[in-house]
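Me: Mind walking me through this one? I'd like the ground rules along with the answers.

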Amino acid sequence: MAAAYLMGIVNLTPNLKVVGGLRYETTQLNVKAGDGTTGNIDLGDLLYSLNTIYALNDKSNLRLAATKTLARPNLRELAPFEQFDTKNGFFNVGNTQLKRTLIQNFDLRYELYPRTGELIALSGFYKDFSDPILRQFNPRATTPELRFINIPEAVVYGAELELRKQLDILGPAFRSFYFSSNVALIYSSYDIPEEEVAASRAINPAYDRSSRPFQGQAPYIVNLVLS
């Protein structure tokens, strides 16, 4: 892998700042099994980042951001071998045809700074995944089997509330302490591959699902920090 980037900051008006950048990354992944089977990803991607910050007043900002990022398969996902999961009792099967994932990210954020070091922020976000990597269950395998595949697309979006508060309101002994918290509510979805739907209906004719939440994505996240 090699990469290069260019970034700039421009103050368009006294209240409006733009931070933008371009990054070019190369990906070179090669695996080869003992039987000669190979997996290969060799390409380059141009990624962008654009952030605009508008100062509504001395204590609040409005931010709008758009970025393009990527995710690569790891060796276990790309390599053509089976690994038995002794804890869960199934096989993980690699896939030499995997592609890297491209992600479009969009964020809108309102920030309020009541005092120095304090923050109240409300954000909305949307992520569009192209060729995300998932584990697909093979209902026809004698031993339970999960294989890694690409699906065409998936979406993740939601809202987040963030808070940072100095605790000196509890007395002088707490003037160096801060309480921080963020809560995110997240919705995610992708279309189940048609062959998986067909295989599931062959086993259970009443199966009627066509989409499901994105694998590994929690519907909510809560963090509490005392520092």
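Reply: Sure, definitions up front: helices (H or I, at least four residues) and strands (E, at least two) are DSSP runs, numbered from the N terminus. It's a predicted model, where local features need pLDDT of at least 70, side-chain atom pairs count only at pLDDT 80 or more, and totals for chains, interfaces and linings use all residues. Residues are numbered from 1 along each chain as its sequence is written, and side-chain values use heavy atoms, with hydrogens and water left out.

Me: How many helices and strands are in the protein?

Reply: Going by those DSSP runs, the protein has two helices and 14 strands.

Me: Why is the protein described as more spread out than a compact globule?

Reply: The yardstick is a globule rule of 2.2 Å times the number of residues to the power 0.38, with the radius of gyration taken over C-alpha atoms. For 227 residues the rule gives 17 Å, and the protein is well over that, so it counts as more spread out, with a radius of gyration of 23 Å.

Me: What does the C-alpha trace span along its principal axes?

Reply: That's given for the C-alpha trace of the protein. The spans are about 65 × 40 × 35 Å.

Me: Which residue in β6 is the bridge partner of Asp85?

Reply: Strands pair if DSSP finds at least two bridges between them. β5 (residues 82-85) and β6 (residues 90-93) run antiparallel, joined by four bridges. Across from Asp85, the β6 partner is Phe90.

Me: And which residue in β10 stands opposite Phe91?

Reply: β6 also runs parallel to β10 (residues 145-150), with three bridges joining them. Opposite Phe91 stands Glu145.
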